[in-house]
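Please look through the sequence and the three-dimensional structure shown here, and keep both at hand while you read. The paragraphs that follow move from single residues to helices and back again.

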Amino acid sequence: MFSRLLPRSKRTLSSLSEQEVLALAISSEEDDARIYFAYADALRDKYPDSAKVFDDMGEVENTHKTMLIDMHRRRFGERIPLIRREHVSGFLTRKPDWLRHNQSLDAMRGEAEAMETQAYNFYVEAAKNTSDAATRQLLGDLALAEQGHEDIARMLTDKHVPERARKTEDETAHRQFLLTYVQPGLAGLMDGSVSTLAPIFAAAFATQDTWQTFLVGLSASVGAGISMGFTEAAHDDGKLSGRGSPLKRGLACGIMTTLGGLGHALPYLIPHFWTATITAAVIVFFELWVIAFIQNKYMETPFLRAAFQVVLGGGLVLAAGILIGNA
């Protein structure tokens with residue numbers, strides 16, 4: 001009843017006329033070509049070989065668009081109805097260029113695979129709703145072409161991205177991941193875990209009040225997270241250093257700083273002082289070893305050296321907090 005009164009915001013594929021199906025296919029191929037060319041432009045500086053792959057895939061989509069326009073011209077004339085994927089239910093929303101620009105190489109490859117799968121499904125369903133033999137054959141051929149896009153991408157990758165270049169690109173992507181996420185996040189985790197030890201444990205032993213200690217820990221953690229996040233984002237825009245988006249680095253650093261402090265602040269929600277303190281100390285022990293593990297795994301710091309530096313430094317800060325709290 002209500003569906004009759006309220007206009008539907010999107011059409012179903014089965015409700016489209018054959019002309020609208022062709023128009024939708026044309027706009028979809030044009031959009032996919034633009035997306036592939038945008039990927040190529042985004043990758044050209046750091047991943048020139050993969051950029052060539054997306055350039056060629058964009059040309060393939062333009063070829064499909066030309067075939068569809070020719071079919072529309074023969075059947076319906078020059079004027080193509082305005083209908084796009086966002087007007088039809090069941091289609092995934094495509095991200096605009098300004099959101100797609102900072103995607104990783106793997107994310108671009110994954111989205112390209114999803115685009116190919118969706119295009120194949122669309123052409124299969126569109127062919128079922130078409131009575132004209134020539135149009136149906138064209139849509140079926142395009143479905144097979146989209147299904148074979150994975151093979152096309154693989155062939156283009158083999159053509160443009162030999163094993164040595166692929167290894168170099170993977171190393172570049174890994175290095176970018178380290179610079180944008182791991183390094184700022186690790187710095188934040190170390191700062192949050194170590195720098196908040198002294199105020200939290202000093203407050204704990206000075207007041208013997210778990211709730212007051214928790215408030216001190218919460219304020220220290222959140223304050224440190226905000227400070228570290230803004231500092232990381234503001235001091236380097238990433239253009240010259242190549243460290244990536246300042247927003248991503250700032251979020252990684254700020255969030256990990258806050259989590260590092262909250263790890264040993266949350267136990268003070270336990271009302272019993274010694275239970276809370278012992279629990280917090282155990283968590284501190286694990287936090288410091290996790291930091292040493294991350295340094296060893298991602299930053300290639302020898303594990304024993306990382307453990308010695310982090311555990312010794314954390315232990316000294318912890319001892320200072322306890323001494324000050326008992327003063």
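Leaving aside its neighbours within four places in sequence, with which residues is T135 in contact? In this predicted model, the residues that T135 touches, once those sequence neighbours are set aside, are L22, M71, R75 and T130. T135 itself has its place in helix α6, and its relative accessible area is 1%, which is under the 20% limit, so T135 counts as buried.

From this single residue we can turn to the interior of the model. The largest nonpolar core holds 20 residues, and those that touch the most other members are L16, L24, L68, F122, Y123 and L139. Two or more residues of this core are given by each of the elements α2 (18-43), α3 (48-76), α5 (105-128) and α6 (133-147), and the largest share, six residues, comes from α2. Apart from this core lies another one, of 17 residues, which includes L186, A204, F205 and V310. As a general background, nonpolar side chains in soluble globular proteins tend to be buried together.

Two of the helices that contribute to the largest core, α2 and α3, can be looked at as a pair. Their axes are 8 Å apart, and the helices pack at an angle of about 165 degrees; because angles over 145 degrees count as roughly antiparallel, α2 and α3 are described in that way. The crossing that α2 and α3 make is left-handed.

After α3 the chain enters a loop that leads to α4 (97-100), and I80 lies in this loop. Is I80 buried, partly exposed or exposed? With a relative accessible area of 37%, I80 falls between the limits of 20% and 50%, and it is therefore partly exposed. When its neighbours within four places in sequence are left aside, I80 is in contact with A23, I26, I69 and H72. For one of these, I69, the separation can be given in two ways, since I80 and I69 are eleven residues apart in sequence and 8.5 Å apart in space, counted from C-alpha to C-alpha.

Another part of the model is marked by helix α12, which runs through residues 273-298 and has 26 residues. From the first C-alpha of α12 to the last, the helix reaches 37 Å, close to the 38 Å that would be expected at 1.5 Å a residue. Among the buried residues of α12 are F273, A276, A280, V284 and L288, and the polar residues T277, E287 and Q295 are buried as well.

T277 deserves a separate look, for this residue of α12 is buried with a relative accessible area of 7%. Beyond its neighbours within four places in sequence, T277 is in contact with F201, F205 and Y268. The helix pair α9 and α12 gives these contacts a setting: the axes of α9 and α12 come within 11 Å and cross at roughly 165 degrees, and that makes α9 roughly antiparallel to α12. The crossing of α9 and α12 is left-handed, and the contact is made by L197, F201, A204 and F205 on the side of α9, and by F273, W274, T277, A280, A281 and V284 on the side of α12.

Finally, the loop between α9 (197-207) and α10 (210-235) is the place of Q208. Although Q208 is not a glycine, its phi is positive, at about 60 degrees, and its relative accessibility of 43% means that Q208 counts as partly exposed.

Notes:
Residues numbered from 1 in each chain as written. Predicted model: local features only at pLDDT ≥ 70, side-chain atom pairs only at ≥ 80, totals over all residues. Heavy atoms only, no water. Core = buried A, V, L, I, M, F, W, Y, C linked by side-chain atoms within 4.5 Å. Buried < 20%, exposed > 50% of the residue type's maximum accessible area, 1.4 Å probe, protein only. Helix = DSSP H or I, 4+ residues; strand = E, 2+ residues; numbered from the N terminus. Expected span 1.5 Å × (residues − 1). Contact = heavy atoms within 4.5 Å. Axes fitted to C-alpha atoms, helices over the stretch in contact; angles between N-to-C directions. Parallel < 35°, antiparallel > 145°, perpendicular 65-115°, else oblique. Left-handed = near helix turned anticlockwise from the far one by under 90°.
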